Amino acid sequence: METAKLSRMALVAMVVGSMVGAGIFSLPSIFARHTGPIGGLVAWTIAGTGMLTLAMVFQFLSRRRPDLDAGIFAYAKAGFGRYLGFLAALGYWTAACLGNVSYFVVFKATLGAVFPIFGDGDTLPAVLVSSLLLWSTHFAILRGIRQAAGMNTVVTIAKIVPIAIFIVVAALAVDLDVLRQNIMEGQSGDGKGTLLEQVRGTMLATVFVFLGVEGASVYSRYAKRRDDVAVATVVGFLLVLTLLVLVTMLSYGVLPRAELAALRNPSLAGVLRSIVGPWGSMLVSVGLMVSVAGAYLAWILLAAEVLRAAARAAIMPAFLGRENRHGVPAAALWLSNGIVQGFLIVTLFTEDTFVLIKNMASSMSLIPYFFVAGFGLMVAVRGDAYNGWSRRRGFELGLAAVATVYAAGLVYAGGFRYFVLSALIYAPGTILFLIARREQQGSTFAPFEWPVLLLILASCGVGVWAVSTGNTAF
C-alpha cells in the first residue's frame, strides 16, 4: 500500500506539536525556582542559540545526506557505528516514552484541581484513566499514519490559541514594579547561587521543552518534498521559541518570583488566574489538556517510527520493523505503548513524579543530540557531501561546531546523576542490540565500542546501588 505523504504545513505542525506539550505550561514556576528575569534571558539566549544551531544541523543534514531518512539515530549510526547508533535510537525512543508518561501525569494533575481523586496525576484512578486513554489512542493510530497526522495538525492549531491569549493578556497586565523587583532579586542571587549556577539549573527544563525539534527529520520519508523537511524544522523551532520566551518573561512581570515558584502545576494557569480570575485558570487547563493530547499523538508516532527505522537498519530486532496494512509500524507501536504503560504503573511509587520524569526524558535525549551534532561536524569537516570548499560549507561547519559544544554542555549540565539513571535503561536495553546482531549473524561489538559498553555497565551498577539504597540525590 502506498505510504501517505505529508505536506509542508503538516510537517511544521509535527514539529510544533512535538515540542509544545506540558512543558510550556510549567515554565513560570520552573524558571522562578532557579533564576530571575536576567538569568531567564541568558538561559533562553543560550538554549535558543544552541537548539537553533542543532535544528539547522538537522536541516543541512537532510540535504547533504538524504539517504539517512530515519533522522536522529541514522546520523549516529552513520558517524559512530552500530552500537552507538543503537544507543541513540534507544535513548531517543525512551525519552519519547517518558515524555508521554509526563503528559499523562500532568493531564491528570490538572484534572486533580477539580477532581481530588486524581491528586497530582499519580494516584490509582489517575493511572487507570490514563491507561484507558493510552490504549484508545493506540488503536486509533493503528488505523494509519495519515489519519493521525491530520489529527495532529488540527490539535496543534487548537492548543496554540490559549497560549496566545495568555501572551496578549499578560503583556497588557505587566507591572513594571514587580518586574523590577524580580530583576533585583535575581541579580542578588537570592540564595540560588551565581548567575551561571542559576542558568545551569534551567538547562534540563529547556531541553525538555525543545524535545521534538527533529520531528520533521524523523518523518522525512513521509514528506512530499525533501526541501519541506528543512523548512518545517526551522520554522517550527522559531515559532515555539518565541512562545517559550514570551511565556517565561511575561510571567516575571505579573507575580513576584516567590509566588511564581510556589504555583501548582500547570503554573501558567495560576499566572493567568491572578490577572483575570478563575476563568483564566480554566482556559489554560483546557489548553494544557489539548496540548498534552496533541504532544502525545506526535511523540508516540515518533517513538514507533524510530523503532521501525532502527529495525530496518538491523540495530533493533527485525520484528520491530513490521508494518500493518495501513503502513503503521504496529509491533513498534505495541512495544512503545507497553513501555508507557509500565512507566505509568511506576508513577504510583514515586514522589515528585513530573519533575523526575521530565529530567529523565531530557537526560535520555542528550546523548542522541550530541551524536547528531557530532555527525554534522564530521560531514562538514570531511566535505564528502560538498563540491570542495565554499562559504556555505564554512557556515555549516560553524553551525555544527556550535551545536556540538552546546550538546556537550547539556551533558555536563545534566550531571552525573541522570547519566547514571539513564544507564539503567541503556544497559538492559542492549539486549535488543544483541538480538539484532544475532539475527544478522555479525560480530557483536567493534573494538572501539567495548569501552562504551563497559562504561554503561559500570554506570548501571552505580544506578542499581543508588536506587536500592534510596541514595539517588548524588
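Arginine 180 has a relative accessibility of 45% in this predicted model, and it therefore counts as partly exposed, since the exposed class begins only over 50%. Its partner is aspartate 177, with which arginine 180 forms a salt bridge whose closest N and O atoms are 2.8 Å apart. Aspartate 177, at 52% relative accessibility, counts as exposed, so the two residues fall on either side of the 50% cut-off. Both residues belong to helix H8, which covers residues 176-188, and they are three residues apart, about one turn of that helix.

A search of the whole structure finds seven salt bridges, and a second one to consider joins the side chains of glutamate 305 and arginine 308, with an N to O distance of 3.2 Å. Here, too, the partners are separated by about one helical turn, because they are three residues apart in helix H14, residues 278-312. The surroundings are those of buried residues, however: glutamate 305 has a relative accessibility of 1% and counts as buried, and arginine 308 is likewise buried, with a relative accessible area of 6%.

Arginine 308 also meets the side chain of glutamate 323 in a salt bridge, this time at 3.9 Å from N to O. Because glutamate 323 lies in the loop between H14 and helix H15 (330-346) while arginine 308 lies in H14, this pair ties together parts that are 15 residues apart in sequence. Glutamate 323 itself is partly exposed, at 32% relative accessibility. With Arg312 added, the residues Glu305, Arg308 and Glu323 are linked in a network of salt bridges.

The loop between H14 and H15 also holds alanine 314, a residue whose backbone deserves a separate look. Although alanine 314 is not a glycine, it has a positive phi of about 70°. Alanine 314 is buried, with a relative accessible area of 14%.

From these charged pairs the path leads to the nonpolar interior. In soluble globular proteins, nonpolar side chains tend to be buried together. The largest nonpolar core of this model has 143 residues, and those with the most contacts inside it are Ile24, Trp44, Phe86, Phe210 and Met316. Helix H5 supplies the largest share of this core, namely 20 residues. Isoleucine 24, one of the residues with the most contacts inside the core, touches Ile163, Val209, Leu243, Leu244 and Val247, when residues up to four places away in sequence are not counted.

Helix H5 itself runs over residues 82-112, and its 31 residues reach 45 Å from the first C-alpha to the last, close to the 45 Å expected at 1.5 Å a residue. Since 30 of the 31 residues of H5 are buried, this helix is largely enclosed by the rest of the structure.

A final stop is helix H17, residues 391-440, which contains alanine 427. Alanine 427 has a relative accessible area of 12% and is therefore buried, the cut-off for that class being under 20%. Leaving aside residues up to four places away in sequence, alanine 427 touches Ile456, Leu457 and Cys460. For one of these contacts, the one with leucine 457, the C-alpha atoms are separated by 5.9 Å, although the two residues are 30 residues apart along the chain.

Note on methods
Residues are numbered from 1 along each chain as its sequence is written. This is a predicted model: local features need pLDDT of at least 70, side-chain atom pairs count only at pLDDT 80 or more; totals for chains, interfaces and linings use all residues. Side-chain values use heavy atoms; hydrogens and water are left out. Helices (H or I, at least four residues) and strands (E, at least two) are DSSP runs, numbered from the N terminus. The expected span of a helix is 1.5 Å times one less than its number of residues. Buried means under 20% relative accessible area, exposed over 50%, partly exposed in between (1.4 Å probe, protein chains only). A nonpolar core is a set of buried Ala, Val, Leu, Ile, Met, Phe, Trp, Tyr and Cys residues joined through side-chain atoms within 4.5 Å. Contact means heavy atoms within 4.5 Å. A salt bridge is a side-chain nitrogen of Lys or Arg within 4 Å of a carboxyl oxygen of Asp or Glu.
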